[in-house]
Amino acid sequence: MDALESETQADPPTVARHRTGQAIRLARKRLAAARRRRVLQWLLPWAKRLATLAIMLVAVVMALVTWDYYVTAPWTRDGSVRVQVASVAPQVSGQIVELRAVDNQFVHKGDVLYVIDPFDFEVSLRSNKAQLEQKAADLEVKRVQSERRQHLSTLATTPEEQQVFAGTAVQAKAAFDAAQQQLHQAEINLRRTGVRSPVNGYVTNLLMRVGDFAHEGTTNISVIDSDSYWIDGYFEETKMARVCVGDRVEAKLMGYAQSITGHVATVTRGIGVSNAAPGTQGLPNVDPVYTWVRLAQRVSVRIAIDKVPPGVPLVAGMTATVTIPPAAGAAQPSRLDAVIAAVKARLADVFEGPPARPDCIPAITTDHGRTDSLPVEVEEPGLIPGQINPGLAPGMSVSPRNR
């Protein structure tokens, strides 16, 4: 009411100018809004095209990065836990009278697994001892006889008689040596009735029982060497450019979240080639290859285990996913920089191929591996005939009647 009264009370020219100014401002606003609408209508289609192009570009880059990761990145799901198994066979035959191990039991190197009936071997040992005493007595007597004949004059003996007694002494010496070797063999055979574990490990797939007959040289018990576990990773040949001896490796067993850490120990230098098989007339039998379907060959990489997380059991034959992570640099980049660097590296791999690392896998391996050995039986020094039957034969210058 006050504004209306003030406008009514004002001069007519002033009121007209005021209304004209308001109309002009309103017209300018409408003109600016119309211009903005026209610009937006012109830019909107181009914005949609640019957004679509950006999305397509990101999708292409991600597809290339993903493809490179699956084709050239050093990882594989085709891995397995491996182990050495000691096949234990007795060195003597006989009936098993004592079994000291159960299935999956951990045994130490040198522990007795089972015992073969020792009776026959004890009898053989005593018999060989008796034969050795007999041969020792015979050797002592014939040696003294030969020595006495050698010191007699030609009036008391003849050269032929000397030769006969000397030859008899030599034959007695050979018989004594043979009896001594048989005694050593009998002693070793008796010790071999206790069959021992050659390694530290676990008895597996135990099927024997007391009363079974153990045959010499026939395997009847197996022990998994707990010190020999390793992992074989079967990498595609397209990934081998990034596999280097000594690289750190992470392996995850199926069903376990914790990673086993290790390092690349060796890379196999040969795989089977089907085209190498000879065909008709000894010529190579080469299979046709379809160039649009070329499957990458698998190369076996042996991985030495450095650390096993608690609660993760090592079982030979378990499946493992093997990954070789990038080497840790001196400076740690930010997450964004690391992502950008990874994308650049993947794209470079796609267009230029993965670069080969120099001196990664030596052309010739000169290092010798660890030498494993078992203690073997060593022949103990034998006794001389005089120690076996002391005082049996007198000296050459002593008369038996005066003893």
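1. A quick definition before anything else: a cavity here is a set of grid points where a 1.4 Å probe fits but cannot get out. Keep in mind that this is a predicted model. By that definition, the structure holds 2 cavities of 30 Å³ or more, and the second largest has a volume of about 30 Å³.

2. Who lines that second largest cavity? The residues are Ile 231, Val 249, Glu 250, Ala 251, Ile 260, Thr 261, Gly 262, Ile 303 and Ile 305. Strands E11, E12 (259-267) and E13 (298-307) each give two or more residues to the lining. Sorted by class, the lining has 6 nonpolar, 2 polar and 1 charged residues.

3. Now the barrel. It closes from 6 strands, taken in the order E1-E10-E13-E12-E11-E14, with antiparallel pairing. From one strand to the next, the twist averages 40°.

4. One pairing to look at is E11 (residues 248-253) with E14 (residues 319-323), which is antiparallel and runs over 4 bridges. Within it, Glu 250 sits opposite Thr 323 of E14. Glu 250 also turns up in the lining of the second largest cavity.

5. On to the helices: H3 (residues 119-151) packs against H4 (residues 159-191) at an angle of about 160°, and their axes are 8 Å apart. Angles over 145 degrees count as roughly antiparallel, so that is the label for H3 and H4. Their crossing is left-handed. As for what makes up the contact of H3 with H4, the split is 15 nonpolar, 11 polar and 10 charged residues.

Methods: Residues numbered from 1 in each chain as written. Predicted model: local features only at pLDDT ≥ 70, side-chain atom pairs only at ≥ 80, totals over all residues. Heavy atoms only, no water. Axes fitted to C-alpha atoms, helices over the stretch in contact; angles between N-to-C directions. Parallel < 35°, antiparallel > 145°, perpendicular 65-115°, else oblique. Left-handed = near helix turned anticlockwise from the far one by under 90°. Nonpolar A, V, L, I, M, F, W, Y, C, P; charged D, E, K, R; others polar. Pairing = 2+ DSSP bridges. 1 Å grid on protein atoms, 1.4 Å probe; cavity = no way out; pocket = protein on both sides within 12 Å on 5 of 7 lines; lining within 4 Å. Points joined across faces, edges and corners; volume = space filled by probe spheres on them.
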